[in-house]
Amino acid sequence: QVQLVESGGGLVQTGGSLRLSCTVSRRTGSVDYMAWFRQVPGKDRELVAGLKWTGSIGDLLDSLQDRFTISRDNAKNTVYLQMNSLRPEDTAVYYCALHASGAKKYSFWGQGAQVTVSS
């Protein structure tokens, strides 16, 4: 069983920064896709960013490219989401998820990290 453990959420003022971490207990393959989602009550979960354990290019929601960055530390099996210039509309529960190669859906999810941005 693969476990994803998130950390780094919290309360921050508008304009502040937070870094979320997601540590995977084990990787199922080099082409696994690690992603960050966020969800606000009453709305669908939104894909924010993602990347593979190999390669240099990650994906990021267009509207967030100037404020958010996704990165990884392969040695630590950890993926990060750096969030800068945070806004109240970024308030959400952030989830990391793993899409194993060949799977039809995201197979494993973290427990969620609450990010609250005060105005």
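Start by selecting Leu18 and Met83: Met83, in β8, is the bridge partner of Leu18. As you look around, keep in mind that this is a predicted model.

Now widen the selection to the strands around that pair. Colour residues 18-24, which make up β3, and then β8 (78-83). Six bridges join β3 and β8, and the two strands pair in the antiparallel sense.

Next, bring in the rest of the sheet. Add β1 (4-7) and β7 (68-73), and you have an open sheet of four strands. Reading across, the order is β1-β3-β8-β7, with antiparallel pairing. Which strands stand at the edges? They are β1 and β7; each has a single partner strand, so one side of each is left without a neighbour in the sheet. Turn the view to follow the twist, which averages 15 degrees from one strand to the next.

From the sheet, step into the loop between β7 and β8 and select Asn77. Its backbone deserves a look: phi is about 50 degrees, a positive value, although Asn77 is not a glycine. Is Asn77 buried or exposed? With a relative accessible area of 17%, Asn77 is buried, because the cut-off for that label is under 20%.

For the last stop, move past β8 into the loop that leads to β9 (92-99), and pick Ser85. Here is another residue other than glycine with a positive phi, this time near 45 degrees. Switch on the surface and check how much of Ser85 shows: its relative accessibility is 41%, so Ser85 counts as partly exposed.

Notes
Residues numbered from 1 in each chain as written. Predicted model: local features only at pLDDT ≥ 70, side-chain atom pairs only at ≥ 80, totals over all residues. Heavy atoms only, no water. Buried < 20%, exposed > 50% of the residue type's maximum accessible area, 1.4 Å probe, protein only. Pairing = 2+ DSSP bridges. Axes fitted to C-alpha atoms, helices over the stretch in contact; angles between N-to-C directions.
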